[in-house]
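This report describes one chain and its metal sites, and is best read alongside the sequence and the coordinates.

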Amino acid sequence: MHPTLNFAVKAARRAGAIINRASDNLDALTVRHKSLNDLVSEVDRAAEDAIIETLKSVYPDHAILAEESGASGDSEYVWIIDPLDGTTNFLHGFPVYAVSIALAHKGRIQHGVVYDPVHNDLYTASRGSGAFLNDRRLRVSKRDKLIDCLIGTGFPFRVSAEIDAYTAMFKDLTTKTAGIRRPGAAALDLASVAAGRLDGFWEIGLSPWDMAAGTLLISEAGGLVGDLQGESSYMESGSIMAGNPKIFAQLLQVLQPHLTAKMKSGTNRPAAGLR
Ligand code: IPD
Ligand code: CA
Ligand code: CA
């Protein structure tokens with residue numbers, strides 16, 4: 001394993017230990033609403049602090065883009081951190097959540113870790129070196145007909161103006177696939193595409209920290225990632241689709257007629273330049 005990825009893993013495991021400890025006593029947590037349906041607890045913050053402390057001890061000059069504390073530092077190297085992806089699941093004791101950490105150099109994601117502390121599953125990738133679940137090499141699925149496919153998604157609870165277009169996509173895909181799943185942690189959903197458990201995925205309104213590590217896992221597992229027009233601006237727009245190469249094109253065909261102007265342009269400007 002690349003030494004930099006190793007430090008990211010160490011940071012993710014430290015965060016995972018904090019999350020696991022807190023999961024034993026969920027009633028004791030203080031929860032705050034950042035906005036409608038967007039929750040944060042002291043666990044998110046403690047996990048993020050532990051990650052940043054671990055990374056900064058080795059790379060004091062690197063910049064940070066983290067969900068809870070925002071952007072800091074000025075460097076060609078940027079760590080993109082979601083300390084607890086799937087906070088709503090976590091707070092309900094619904095065991096689908098993860099830690100996501102990626103490192104970009106000059107805007108290009110080089111290393112990514114998604115750590116599922118419930119199952120002690122570690123998903124890792126370094127650009128050009130493949131994607132792994134623990135010690136096992138990951139490949140995307142081989143299914144080639146959309147009607148046979150299991151597709152993941154996330155519901156757009158924040159982008160309420162887009163809900164009609166989203167539900168039209170959902171309706172269309174319900175009849176054109178084997179099934180749709182909404183597990184509730186985007187980083188793990190992307191890891192599931194890399195692992196071939198999901199054949200494809202789409203969501204609107206995501207942030208860079210939800211996507212950074214998971215998208216590298218998918219491309220290193222032989223899959224494709226794009227925005228809802230099949231192009232590369234998902235980090236800026238927050239609209240993302242992914243899948244094995246055969247399903248990517250078929251998913252694109254179903255989603256495209258439903259696109260609104262906002263889904264095309266999106267809102268996540270801070271990530272401009274990441275890929
Ligand atoms: C959320 C999860 C969820 C997705 C949301 C994200 P958070 O992340 O990834 O699956 O649908 O858009 O914000 O807030 O739990 O880190
Ligand atoms: Ca997240
Ligand atoms: Ca989070």
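Which residues coordinate the calcium ion (ligand 2)? In this predicted model, D82 (OD), D85 (OD) and D210 (OD) do so, at 2.1 to 2.3 Å, where donors are N, O and S atoms within 2.8 Å of the metal (3.2 Å for Na, K and Ca) and, with water not among the atoms, sites may look incomplete. The spacing of these donor residues in sequence is D-x2-D-x124-D. The pair D82 and D210 links distant parts of the chain, 128 residues apart, with D82 in strand β5 (residues 77–85) and D210 in helix α6 (residues 208–220); helices (H or I, at least four residues) and strands (E, at least two) are DSSP runs, numbered from the N terminus.

A second calcium ion (ligand 3) has E67 (OE), D82 (OD) and L84 (O) as its protein donors, at 2.1 to 2.4 Å. D82 bridges this ion and the calcium ion (ligand 2), and the two ions lie 3.8 Å apart. E67 lies in the loop between β3 (63–66) and β4 (70–72), and L84 in strand β5, so the pair ties together parts that are 17 residues apart in sequence.

| Ion | Protein donors | Distances | Spacing |
|---|---|---|---|
| calcium ion (ligand 2) | D82 (OD), D85 (OD), D210 (OD) | 2.1 to 2.3 Å | D-x2-D-x124-D |
| calcium ion (ligand 3) | E67 (OE), D82 (OD), L84 (O) | 2.1 to 2.4 Å | E-x14-D-x1-L |

Both D82 and D210 are buried, as are E67 and L84, buried meaning under 20% relative accessible area (1.4 Å probe, protein chains only).

Turning to the chain as a whole, it contains 9 helices and 15 strands. Its radius of gyration, taken over C-alpha atoms, is 17 Å, close to the 19 Å that the globule rule (2.2 Å times the number of residues to the power 0.38) gives for 275 residues, so the chain is as compact as a globular protein of that length. The C-alpha trace spans about 50 × 40 × 35 Å along its principal axes, and 56% of the 275 residues are buried. Of the contacts (heavy atoms within 4.5 Å) between residues at least 6 apart in sequence, 65% join residues at least 24 apart.

Residues are numbered from 1 along each chain as its sequence is written, while chains are lettered from A and ligands numbered from 1 in the order in which they are written. Local features need pLDDT of at least 70 and side-chain atom pairs count only at pLDDT 80 or more, whereas totals for chains, interfaces and linings use all residues, and side-chain values use heavy atoms, with hydrogens and water left out.

How values were computed:
Buried means under 20% relative accessible area, exposed over 50%, partly exposed in between (1.4 Å probe, protein chains only).
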